[in-house]
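Colleague: I have a model open and would like to learn how to read its interfaces and its sheet. Could you take me through it?

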Amino acid sequence: MPFGRRETMNKTPDMFCFQCEETARGEGCTIKGVCGKPAEVANLQDLLIYLLKGISLVHTQGPAEANDEVDDFVTVSLFATITNANFNPDDFTEKIHDALEIRDMLKEKHDIRSEHDAVTWTPDSDDDIRAKARSIGVLDTENEDVRSLRELITYGVKGIAAYYHHATVLGERDAAIPAFMQRALAATLQDRSVDELVDLTLQTGDMAVRTMALLDRANTSAYGHPEPTDVHLGVRGNPGILVSGHDLRDMEDLLEQTADTGVDVYTHGEMLPANAYPAFKQYDHFVGNYGNSWWEQKREFEAFNGPILMTTNCLVPPEDSYRDRVYTTGVVGYPGMEQIPDRTDGSKDFSGIIEHARRCPPPEQLEDGDITIGFAHDAVTGMVDRIVEAIKAGRIGSFVVMAGCDGRHADREYYTRFAEALPDDAVILTAGCAKYRYNKLDLGDIDGIPRVIDAGQCNDSYSLAVIARKLADAFNADDVNELPIAFNIAWYEQKAVAVLLALLSLGIRNIMLGPRLPAFVSPAVLDVLVEQFNLQPNGTVEEDMSQLLSRGDDA
Amino acid sequence: MKQPVVDEEACIGCGVCADICPDVFEIVDEISQVKDADACSSCDCQRAIDTCPVDAITWSTP
């Protein structure tokens, strides 16, 4: 009975969100997010972002000084609005109250008088908050190109926020990063020309590189450099806890607390790279990886039988059959799910989820065998001589960076077919969950160098840039673009936007991006990206293969 | 023979099903409609059902 729906179609949509690759019809989600986010949550996220921009406008007008409380609030709040992180309206309403308090504290402290609505708007009730949340949003910016750039910057900053948060949890700070995030957010409220916003977009890429470098240092100084590791895909007979998301500190706390309890620990999706860190490999009850990337969680969480810990995105609205086994922590939230509180000092308390695991049967085995991971920059640096030799001998003809995200759409089978169709002398460099489209194909090795060099999580794309630089040095090339390295990147959420801007900032040209270009990139903004960086959309496997690899031959 | 049915109240018109089974589903006025329920020999409607983000597609019981 779509009649009633059709009648309302020309009215204001219930929501508008186009921040991810899967947005409805490649245009925008207007009824409910394809991610499962209800309109109420989408609108509250819009209002929270708006107030974070207000905070940024005030904070950047005050004296240039780091304020960890404000910086961390902005960082964590941005992170919570990333796709598949938090679906709980109460969490956003609470953050909106906190944002108003922080904004007004800063206004008073620095005696800032701004007339901007994001700085002055004050609600009398939660009803006011809900009404305001419905009334503001992305489409308020009427000029399509300005809107496109404002959102491109905002999403890039969300990605930076996620990576900066992970670094701060491990004790690394760099005041320039939150200062930039706030400067960029403030700029999206101001009248800036398209040229100025393009410039700010490129600066966002510079800052994304700096943030990924900081996180790399944080991860490797806390847990050691990832080592080449064969990760088990099968299960053992003990009850288990499945850990998803990207937070390595949570992984550390959980592994420590599950030691000698009879409960095994497995990774899911983007937590797979945890298996390669020396500090985690020492635990005998850390069994391996279970299942695939985030979008297959409904089937895989069901089969796991034990509790699941979601440390960051990507959470998919759960089936009733396993809903009471999913625990959230950090920025993740879902109505009715148990939230494990943040650490005040020391470590998080995972005793509840461990007790829960003990009552559960062991996981159902989904597959068997191993996959090899752990080729971050340190491990690959140790192999550079061998790689250079294989290139000089003609046994390695090209590299293709196939990093980024996975997703639920059928058109991502493209990446499986692309990997299968690569010539035998091509080596894939990867990071992020995009790899699940081809990391179990058994593509073999060349002189002991695996044909899938897996650097880790999405942020470990930084490692790929370091590796490319090292190879360029080995060949005395000034420019990475002179090497036979092609980029065929898959994106889904906003961390991938930060990674893409980072690659552009590093001067990488000719990146192919798919499976669909961002809905938030307007035709004119795309023209700029094409003109300056030769960014291209995916075509067919055959067309793209011939284009990407012939470019390598020219170099 | 079982046939796919779209709950038009639940559908958000994202187009995932029409991507997977273009012969069976089409998006009309931002809602998925079954245009040819018998066309599924050439695609995989179970996959469309599993992938639908709002669980709006089911098999009809004859």
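**Domains, chains and a sheet**

Modeller: Gladly, starting with two domains: 19 residues of domain 1 of chain A are in contact (heavy atoms within 4.5 Å) with 17 residues of domain 2 of chain A. This is a predicted model, where local features need pLDDT of at least 70, side-chain atom pairs count only at pLDDT 80 or more, and totals for chains, interfaces and linings use all residues. Residues are numbered from 1 along each chain as written, chains are lettered from A and ligands numbered from 1 in written order, and side-chain values use heavy atoms, leaving out hydrogens and water.

Colleague: Where do the domains of chain A lie in the sequence?

Modeller: The assignment, automatic or from a database, gives domain 1 (6-221), domain 2 (229-358) and domain 3 (376-554).

Colleague: What area is buried between domain 1 and domain 2 of chain A?

Modeller: The size of an interface is often given as the accessible area lost when the parts come together. Here it is about 1,400 Å² (1.4 Å probe, summed over both parts), and carbon and sulfur atoms give 62% of it. Between these domains there are zero salt bridges (a side-chain nitrogen of Lys or Arg within 4 Å of a carboxyl oxygen of Asp or Glu). On the domain 1 side, α3 (68-80), α4 (89-110) and α7 (144-169) of chain A each supply at least two residues; helices are DSSP runs of H or I, at least four residues, and strands are runs of E, at least two, numbered from the N terminus.

Colleague: And how many salt bridges does the rule find between chain B and chain A?

Modeller: Three salt bridges cross that interface. In one of them, the side chains of A:E413 and B:R47 meet at 2.4 Å, N to O. The two chains bury about 1,800 Å² between them, 49% of it on carbon and sulfur atoms. B:R47 appears again here: with B:I12 and B:E30 it supplies 29% of the area that chain B buries against chain A, more than any other three residues.

Colleague: What is the strand order in the six-stranded sheet of chain A?

Modeller: Strands of a sheet pair through backbone hydrogen bonds, either parallel or antiparallel. This open sheet runs β13-β10-β9-β14-β15-β16 with parallel pairing (DSSP finds at least two bridges between paired strands). β13 (452-454) and β16 (536-537) of chain A each have a single partner strand, so one side of each lacks a neighbour in the sheet. Further in, three bridges join β9 (residues 398-401) to β14 (residues 485-490) of chain A, and A:F399 has A:I485 as its bridge partner in β14(A).
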